[in-house]
Amino acid sequence: TTNEFQEDMGKLSVAAQQNSVSAGEANKAYRDMVGILGETDQSVEAVNHLFSLCGDNTQALSDWTNSASGVYATFGDSLPLEGLTEAANETARVGQVTGPFADAINWATASAEELGDTLDGNVDAQDAFYAAIDGGATVEDAYTAALQACSDEGERAQVITDTLTGLYGEAGEQYQQTNEDVINYRQSQSDLTQAMSDLGQAFMPVVTGVTNMAAALVSGLQPAADWFVQN
């Protein structure tokens with residue numbers, strides 16, 4: 001348990017450092033996500049993609065907590081959050097709707113106009129979206145046109161964050177209020193795992209020493225075992 005948890009926390013720490021996210025904000029983002037998912041490895045993977053997408057933008061990370069809660073409440077495991085965050089990150093990089101992020105848009109019960117309203121923070125993106133819709137484009141293609149109207153990856157990341165907040169933010173807030181006890185329990189379980197992992201790490205040199213001693217003992221017995229077999 002210590003090995004697996006420390007490995008996951010190491011990945012979280014590296015991703016945070018690479019994207020200039022403070023240790024405090026990284027831990028908060030992780031606890032928010034593990035409260036939703038209840039799984040350490042999935043939560044770390046999802047949050048690491050968010051660090052790449054949002055950087056040290058704490059407001060965007062907070063918005064994603066609500067959005068992720070709403071997506072999870074709406075679709076459950078049929079739209080995995082680690083897949084969604086990875087696809088959102090890739091969409092922001094390439095300027096084209098990809099993977100589970102496309103599902104999050106296409107499966108939403110919002111009309112094209114309601115989806116377009118989520119783009120009101122970026123006039124160029126919103127104009128491009130409505131122009132594509134008026135030209136007969138699908139919602140997915142129109143959204144790609146909106147992304148391509150952005151000036152850089154940072155703008156695209158903000159547009160994506162705003163869209164998911166607009167589509168799923170309210171559902172996410174309701175989910176967190178309704179399931180507050182479950183979320184708190186999952187976070188407390190993660191805290192306990194952290195504490196047990198810290199204790200396990202303290203004993204790690206002892207366990208390593210015993211393992212090395214056992215390996216040496218087995219190696220020393222090998223010649224005797226060979227002689228026994230031969231005779």
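Buried means under 20% relative accessible area, exposed means over 50%, and partly exposed covers what lies in between (1.4 Å probe, protein chains only). Keep that handy for the exercises below.

We're working on a predicted model, where local features need pLDDT of at least 70, side-chain atom pairs count only at pLDDT 80 or more, and totals for chains, interfaces and linings use all residues. Residues are numbered from 1 along each chain as its sequence is written, and side-chain values use heavy atoms, with hydrogens and water left out.

**Exercise 1. Work out what kind of ring pair Phe129 and Tyr130 form, and how accessible each residue is.**

Step 1: Get the pairing rule straight. Rings of Phe, Tyr and Trp (its six-membered ring) pair if their centres lie within 6.5 Å; planes under 30 degrees apart are stacked, over 60 edge-to-face, and the rest tilted.

Step 2: Place the pair in context. There are five aromatic pairs in the structure. For Phe129 and Tyr130, the ring centres are 5.6 Å apart and the planes sit at 70°, so this one is edge-to-face.

Step 3: Check accessibility. Phe129 has 0% relative accessibility, so it's buried. Tyr130 comes in at 26%, so it's partly exposed.

Step 4: Look for a cluster elsewhere. Phe75, Trp107 and Tyr168 are linked by ring pairs into one.

**Exercise 2. Check the span of helix 2, then find what its buried residues pack against.**

Step 1: Helices (H or I, at least four residues) and strands (E, at least two) are DSSP runs, numbered from the N terminus. The expected span of a helix is 1.5 Å times one less than its number of residues.

Step 2: Helix 2 (residues 23–37) has 15 residues, so it should span 21 Å, and the C-alpha atoms at its ends are indeed 21 Å apart.

Step 3: Its buried residues include Ala26, Tyr30, Asp32 and Met33. Contact means heavy atoms within 4.5 Å. The packing partners are helix 1 (2–18), helix 3 (40–54), helix 4 (58–75), helix 5 (81–94), helix 10 (153–178) and helix 11 (180–230).

Step 4: Look at both sides of the helix. In the loop between helix 1 and helix 2 you'll find Ser20, which has a positive phi of about 60° although it is not a glycine. At 53% relative accessibility, Ser20 counts as exposed. Just after helix 2, Gly38 takes a positive phi of about 75°.

**Exercise 3. Decide how enclosed helix 3 is, and follow His49 to its contacts.**

Step 1: Helix 3 should also pass the span check: its 15 residues predict 21 Å, and the end C-alpha atoms are 20 Å apart, which agrees.

Step 2: Eleven of those 15 residues are buried, so helix 3 is largely enclosed by the rest of the structure. Among them are Val44, Val47, Leu50 and Phe51.

Step 3: The buried residues pack against helix 1, helix 2, helix 4, helix 5 and helix 10.

Step 4: Zoom in on His49, which lies in helix 3. With 18% relative accessibility, His49 counts as buried. Leaving out residues up to four places away in sequence, His49 touches Glu82, Thr85, Glu86 and Asn89.

Step 5: Just past the end of helix 3, Gly55 has a positive phi of about 60°.

**Exercise 4. Describe how helix 6 and helix 9 pack, and sort the contact residues by character.**

Step 1: Axes are lines fitted to C-alpha atoms, for helices over the stretch in contact, with angles running from 0 to 180 degrees between N-to-C directions. Helix 6 (residues 99–106) and helix 9 (residues 139–148) pack at about 115°, with axes 10 Å apart.

Step 2: Now the handedness. A crossing is left-handed if the near helix is turned anticlockwise from the far one by less than a right angle, and right-handed if clockwise. Here helix 6 passes helix 9 in a right-handed crossing.

Step 3: Phe101, Ala102, Ile105 and Asn106 from helix 6 meet Val139, Glu140 and Tyr143 from helix 9. That contact divides into five nonpolar residues, one polar and one charged. (Ala, Val, Leu, Ile, Met, Phe, Trp, Tyr, Cys and Pro count as nonpolar, Asp, Glu, Lys and Arg as charged, and the others, Gly among them, as polar.)

Step 4: Finish with Ser111, in the loop between helix 6 and helix 7 (112–117). The C-alpha atoms of Ser111 and Val139 are 9.1 Å apart, with their positions 28 residues apart along the chain.
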